[in-house]
Amino acid sequence: MIQFARICNLFSYCLAIAIAIKVTPSKKGLFAFVGMLPTSIFLASCFSYDAWLISFIILGFAYFLRYAWGDLNEFTVRNIALAFLFTFLGLAVKAVYFPIIGLFFMVPRNRFAGSKQRVHYYAAVFVLGLIALPHCASVLVSTAGGSNVGDMRGGSDVNSGQQIAFILADPLRYAEILANYFQLII
């Protein structure tokens, strides 16, 4: 029974990744690469929420790319609604990734028919953020005290509560650390 459940979890992960590869107008190889990473496949074959997080965020961004950079006939409310839905489902299991919603603001200005349509779109992204914010805030409040109630995979030396408390206490220093990290990987 346990093995069957793991196989079903892996199958649902593969199905979501396959749909994402089919839906995206470009970067299909990148979606396939990320979906086939050995760690992602391993997590999808276990009882882990990470498979849900990875597959639904990838699927959400496949619909976002279709909306933002696909053909003009794909610039539809259906595609952006699906992008919002799948991204929100992915974020629902791990609220720390809440800032991903900010990427939805990166739609080229020339895609919109006018400023009114652009304002409506930005308002919808803002509302999505407001919907996800209470869940994110509850996670931040529960871990900001320094208790390690979250992810235990980092070992006893890693305390996610203290990390979040540091980010909230000194956001400029955190931004500097994050910028240095991005410079290292580029």
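Me: What pLDDT does the protein chain average?
Reply: Keep in mind that this is a predicted model. Where pLDDT is low, the predicted coordinates should not be read in detail. Here 84% of the residues score at least 70, and the chain's average is 82.

Me: In which helix is confidence highest, and in which is it lowest?
Reply: Look at the mean for each helix. Helix H1, residues 2-23, comes out highest at 92. The lowest mean is 75, and that belongs to residues 115-144, helix H6.

Me: How many helices and strands does the protein chain have?
Reply: Walk along the sequence and you read α-α-α-α-α-α-α-α. That pattern goes with eight helices and zero strands.

Me: What span should H1 have, and how far apart are its end C-alpha atoms?
Reply: H1 has 22 residues, and we allow 1.5 Å a residue. That gives an expected span of 32 Å, which agrees with the distance between the end C-alpha atoms: 32 Å.

Me: Are the buried residues of H1 on the same side or on opposite sides?
Reply: The buried ones are Tyr 13, Ala 16, Ile 17, Ala 20 and Val 23. An α-helix has 3.6 residues a turn, so residues three or four places apart point the same way. The buried residues of H1 cover an arc of only 135° around the axis, which puts them on the same side.

Me: Which helices do the buried residues of H1 pack against?
Reply: The other side of H1 isn't the place to look, with Gln 3, Phe 4, Ile 7, Phe 11 and Lys 22 exposed there. The buried residues of H1 pack against helices H2 (28-35), H3 (38-44) and H4 (50-69).

Me: What kind of aromatic pair do Phe 64 and Phe 104 make?
Reply: The structure holds 16 aromatic pairs. In this one the ring centres are 4.9 Å apart. Phe 64 sits in helix H4 and Phe 104 in the loop between H5 and H6, 40 residues apart. Planes over 60 degrees apart count as edge-to-face, and these are at 80°, so the pair is edge-to-face.

Me: Tyr 67 and Tyr 121 form an aromatic pair too: is it stacked or edge-to-face?
Reply: Both Tyr 67 and Tyr 121 are buried. The pair ties together helix H4 and helix H6, in parts 54 residues apart in sequence. Its centres are 5.6 Å apart. Planes under 30 degrees apart count as stacked, and with 25° between the planes this pair is stacked.

Methods. Residues numbered from 1 in each chain as written. Predicted model: local features only at pLDDT ≥ 70, side-chain atom pairs only at ≥ 80, totals over all residues. Heavy atoms only, no water. pLDDT = per-residue confidence, 0-100. Helix = DSSP H or I, 4+ residues; strand = E, 2+ residues; numbered from the N terminus. Expected span 1.5 Å × (residues − 1). Buried < 20%, exposed > 50% of the residue type's maximum accessible area, 1.4 Å probe, protein only. Arc of directions from axis to C-beta. Contact = heavy atoms within 4.5 Å. Phe/Tyr/Trp six-rings, centres within 6.5 Å; stacked < 30°, edge-to-face > 60°.
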